[in-house]
There are 4 protein chains.
Amino acid sequence: MTQTATPRTLKEKQRQEREALILQAAEEVLMEKGYHETSIDEIASLVGIAKGTVYLHFARKEDLVIALFERDLEKFLQLVETTIATGLTARAKMEAIMDVLYGSFFSKRFQLLYSLSNSVDLRRIFVEKKGCMRETWERLFARITSLLEEGKAAGEFDTTIPTSVMVSAFFSLLSPKSYDRLMVEGQMPQEEVAKQLGRIYFKGIAAV
Amino acid sequence: MTQTATPRTLKEKQRQEREALILQAAEEVLMEKGYHETSIDEIASLVGIAKGTVYLHFARKEDLVIALFERDLEKFLQLVETTIATGLTARAKMEAIMDVLYGSFFSKRFQLLYSLSNSVDLRRIFVEKKGCMRETWERLFARITSLLEEGKAAGEFDTTIPTSVMVSAFFSLLSPKSYDRLMVEGQMPQEEVAKQLGRIYFKGIAAV
Amino acid sequence: MTQTATPRTLKEKQRQEREALILQAAEEVLMEKGYHETSIDEIASLVGIAKGTVYLHFARKEDLVIALFERDLEKFLQLVETTIATGLTARAKMEAIMDVLYGSFFSKRFQLLYSLSNSVDLRRIFVEKKGCMRETWERLFARITSLLEEGKAAGEFDTTIPTSVMVSAFFSLLSPKSYDRLMVEGQMPQEEVAKQLGRIYFKGIAAV
Amino acid sequence: MTQTATPRTLKEKQRQEREALILQAAEEVLMEKGYHETSIDEIASLVGIAKGTVYLHFARKEDLVIALFERDLEKFLQLVETTIATGLTARAKMEAIMDVLYGSFFSKRFQLLYSLSNSVDLRRIFVEKKGCMRETWERLFARITSLLEEGKAAGEFDTTIPTSVMVSAFFSLLSPKSYDRLMVEGQMPQEEVAKQLGRIYFKGIAAV
DNA sequence: AATGAATGAGAGTTCATTCAT
DNA sequence: CATGAATGAACTCTCATTCAT
């Protein structure tokens with residue numbers, strides 16, 4: 001669906017721009033209403049196009065969500081990999097990744113990804129479509145896993161806690177629930193949320 | 001809807017038993033399929049009654065979910081309050097609560113509660129129906145909050161981390177995502193999950 | 001779908017009556033407009049019920065058509081078998097069958113069956129659902145085939161013409177096209193059509 | 001739409017060639033899938049042109065079918081008229097026509113024409129568009145009719161059978177249903193089908 | 001002339017909800 | 001009380017047709 005490659009022709013460029021608009025609108029509505037309460041019609045009219053036009057870009061409603069995932073997961077994985085390439089310590093890298101996740105660019109997007117992937121009704125979609133994006137997802141996991149193990153080897157992280165538990169805890173702390181509760185209800189600024197949850201997490205997994 | 005009071009008549013008792021059966025069936029199907037993919041019909045036939053009968057107990061599909069919450073939240077709150085009444089230290093109380101949440105009785109149930117309350121599509125329901133159950137929810141939060149502050153006062157927990165962040169982190173670590181990943185995919189036994197996540201958490205919030 | 005068995009209860013009786021009404025309406029509209037130009041909505045409002053109600057009886061649009069077939073094919077097969085049980089000569093039996101097909105009761109219905117089964121777009125349906133009704137259809141063919149062979153053995157029909165050709169020719173002559181052309185456009189009375197086409201046919205296959 | 005006249009310019013010639021290609025593709029797909037299950041897009045991509053281009057030749061989907069009819073009906077009428085101009089007997093002429101209809105060139109085409117014209121959903125089209133092609137159709141009927149009457153006058157055909165019935169029977173025997181059943185399922189070669197059905201027919205209408 | 005993106009009416013289908021029995 | 005037939009709004013998806021490029 002999404003041809004991230006170079007948009008040689010004008011047509012292709014326009015097409016991609018439109019697709020981006022659809023994805024953006026979809027993101028917005030999905031975030032507000034969730035998958036089932038969002039209708040294609042609503043997305044279309046938010047973009048200002050006809051229902052049928054959405055189907056020119058995404059053959060099924062599911063594909064829209066999947067594209068949303070692919071787009072952001074890919075970008076996120078790149079960021080993680082860039083961070084890993086840095087000469088920092090494992091802990092510093094993990095903190096940088098956490099900052100990025102909570103950072104201005106990804107915050108809302110990641111929230112969507114997270115709630116969609118957590119949604120019981122959508123599990124089916126992701127299980128079926130593993131081929132498309134499971135790979136990216138697994139690579140992301142693998143990166144975080146090896147980062148944590150790197151930290152263990154460097155004496156930064158507690159070697160008595162299983163790495164898999166650390167990974168889970170890491171992603172759990174990023175759940176939109178925390179985000180919402182602290183930022184929206186608790187009025188805590190974003191950076192503060194990242195900092196504080198990071199503190200708990202990194203102290204929690206620190207080597208004794 | 002739910003008359004928690006003593007069932008004076010036989011009829012009333014039967015009514016409550018049936019309601020419990022409906023809730024149980026609903027829990028099962030909701031857990032597996034999520035809110036929108038679950039139909040009233042399916043729940044009814046799992047109980048072995050007619051669709052219309054479900055409506056004698058719950059006027060709308062939403063109410064079923066809300067009742068599910070109320071039922072379990074109430075029970076959970078009671079458990080928390082019982083634990084608090086103990087003479088243990090704050091940290092020991094928190095650990096006990098965590099054990100309960102991951103314990104045999106609540107594990108699956110809490111998972112459902114958590115995913116439903118996290119589900120974007122259902123947020124609306126909970127926001128609208130605050131009246132019904134917000135109160136219990138808030139009390140639960142208040143209990144955990146004061147428990148954490150008790151711990152801070154006793155020098156057990158880090159006073160530089162805002163209590164609200166601690167609460168959020170606590171609930172986030174309980175997310176079904178962690179549960180699934182570690183237990184289902186990672187084959188880790190339940191108690192081990194509770195223990196390890198607890199370790200991270202309590203070390204993370206421990207006083208320096 | 002169609003429980004032709006005894007309708008013990010009142011409910012069941014009403015159900016069957018309603019189902020009959022739907023089939024009748026469907027027959028009407030399908031006859032006039034064909035499969036694709038007929039909408040469930042149209043059938044429903046002809047019966048005076050809601051669209052959803054139709055789906056209580058027939059889970060898919062296809063099933064409606066299939067039920068239509070099953071209903072009439074079965075009846076027709078019975079008539080054929082009744083005729084065969086007669087002590088008449090093979091030719092007399094064939095003539096009786098032809099009369100029935102063109103007779104008041106079946107004429108219009110059989111027309112529908114014939115055009116639907118001839119329709120290229122519906123071929124798929126019948127091919128897929130062979131299980132349901134292919135059997136009846138094959139038995140009908142078998143009956144006609146053995147009747148013609150009986151006639152050949154009795155010296156009534158030309159043994160040099162393959163029986164399969166005779167069967168095909170028999171059904172072809174009954175096509176609604178002939179019916180329409182002669183009765184509707186040519187104003188020829190039904191019995192006359194049957195008589196004349198029969199004459200050609202039986203003279204054509206008669207033994208020399 | 002179709003400019004059957006001599007193609008003065010090169011452009012015009014190209015246009016007609018493309019139109020022929022479209023008709024050919026349409027014929028193919030229509031034969032396989034029927035009218036409603038065939039999309040303009042499918043026809044276009046079979047020709048290797050864009051959907052819009054088809055509309056430069058045929059303003060509506062219906063017109064494509066009509067053009068198909070006109071094309072073949074015209075050719076067929078010419079063949080009939082050529083045959084009639086022969087010095088043969090009426091019966092020999094009729095046999096020649098039957099051969100042509102079942103012959104290699106027309107067999108498949110005629111099948112399509114027949115099923116489309118028989119299709120209930122398309123009846124509307126043909127009724128509405130009489131102007132376009134009713135004339136050709138009627139002339140064809142008229143030719144066959146006078147041929148049969150010529151045969152009656154010559155003592156070849158049974159004068160007690162109404163000519164209109166003979167015409168109907170003639171066309172009915174040619175139905176694709178017979179064709180399919182005998183050729184495809186029964187593995188009978190084309191010439192044999194023509195010969196055998198012809199035998200029944202001509203014996204059936206022969207003078208006593 | 002050719003394209004193919006855009007349109008939007010319309011179809012099949014589902015299911016929460018109601019209510020006569 | 002319990003039932004489940006009936007309802008109809010709402011949704012996804014398709015495709016003939018149009019039209020700017």
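This report describes how the protein chains of a predicted model meet one another and the DNA strands.

## Basis of the model

Residues are numbered from 1 along each chain as its sequence is written, and chains are lettered from A and ligands numbered from 1 in the order in which they are written. In this predicted model, local features need pLDDT of at least 70 and side-chain atom pairs count only at pLDDT 80 or more, while totals for chains, interfaces and linings use all residues.

## Two domains in chain A

Chain A is divided into domain 1, residues 1-59, and domain 2, residues 65-205, with bounds that come from an automatic or database domain assignment. The C-alpha centres of domain 1 and domain 2 of chain A lie 26 Å apart. Contact between these domains involves 10 residues of domain 1 of chain A and 13 residues of domain 2 of chain A, where two residues are in contact if their C-beta atoms, placed from the backbone, lie within 7 Å.

On the side of domain 1 of chain A that touches domain 2 of chain A, there are 7 nonpolar residues, 2 polar and 1 charged. In this classification Ala, Val, Leu, Ile, Met, Phe, Trp, Tyr, Cys and Pro count as nonpolar, Asp, Glu, Lys and Arg as charged, and the others, Gly among them, as polar.

## The contact of chain A with chain B

Chain B gives 33 residues to its contact with chain A, which gives 34. The elements of chain B that supply two or more residues to this side are α6 (107-118), α7 (120-128), α9 (163-173), α10 (176-185) and α11 (190-205); helices (H or I, at least four residues) and strands (E, at least two) are DSSP runs, numbered from the N terminus. The largest share, 8 residues, comes from α11(B), and by class the side of chain B that touches chain A has 13 nonpolar, 13 polar and 7 charged residues.

A turn of 178° with a shift of 0.1 Å along the axis lays chain B on chain A with an RMSD of 0.4 Å, the copies being superposed by least squares on the C-alpha atoms of residues with pLDDT of at least 70 in both. In chain B, the C-alpha nearest the axis belongs to B:G204, 1.9 Å from it. The same surface serves both copies, as 100% of the contact residues of chain B recur in chain A.

## The contact of chain C with chain D

The contact between chain C and chain D takes 34 residues from chain C and 33 residues from chain D. On the chain C side, at least two residues each are supplied by α1 (10-33), α6 (107-118), α7 (120-128), α9 (163-173), α10 (176-185) and α11, with the largest share, 8 residues, coming from α11(C). This side of chain C has 14 nonpolar, 13 polar and 7 charged residues.

Chain C can be laid on chain D with an RMSD of 0.4 Å by a turn of 178° and a shift of 0.1 Å along the axis, which is the relation of a two-fold axis. Of the residues of chain C, C:G204 comes closest to the rotation axis, at 1.7 Å (C-alpha). The same surface serves both copies here, with 97% of the contact residues of chain C recurring in chain D.

## Chains that do not touch

Chain B and chain C do not touch, and their nearest C-alpha atoms are 14 Å apart. Likewise, no contact joins chain A and chain D, whose closest C-alpha atoms lie 14 Å apart.

## Surfaces near the DNA strands

Around DNA strand F there are 31 residues, of which B:A50, B:G52, B:T53, C:G52 and C:T53 are the closest; a residue is near a strand if its C-beta atom, placed from the backbone, lies within 6 Å of it. Among the elements that give two or more residues to this surface are α1 (10-33) and α3 (51-57) of chain B and α3 (51-57) of chain C. The surface near DNA strand F divides into 10 nonpolar, 8 polar and 13 charged residues.

DNA strand E has 30 residues around it, and A:G52, A:T53, D:A50, D:G52 and D:T53 come nearest. Elements that each supply at least two residues of this surface include α3 of chain A and α3 of chain D. By class, the surface near DNA strand E has 11 nonpolar, 8 polar and 11 charged residues.
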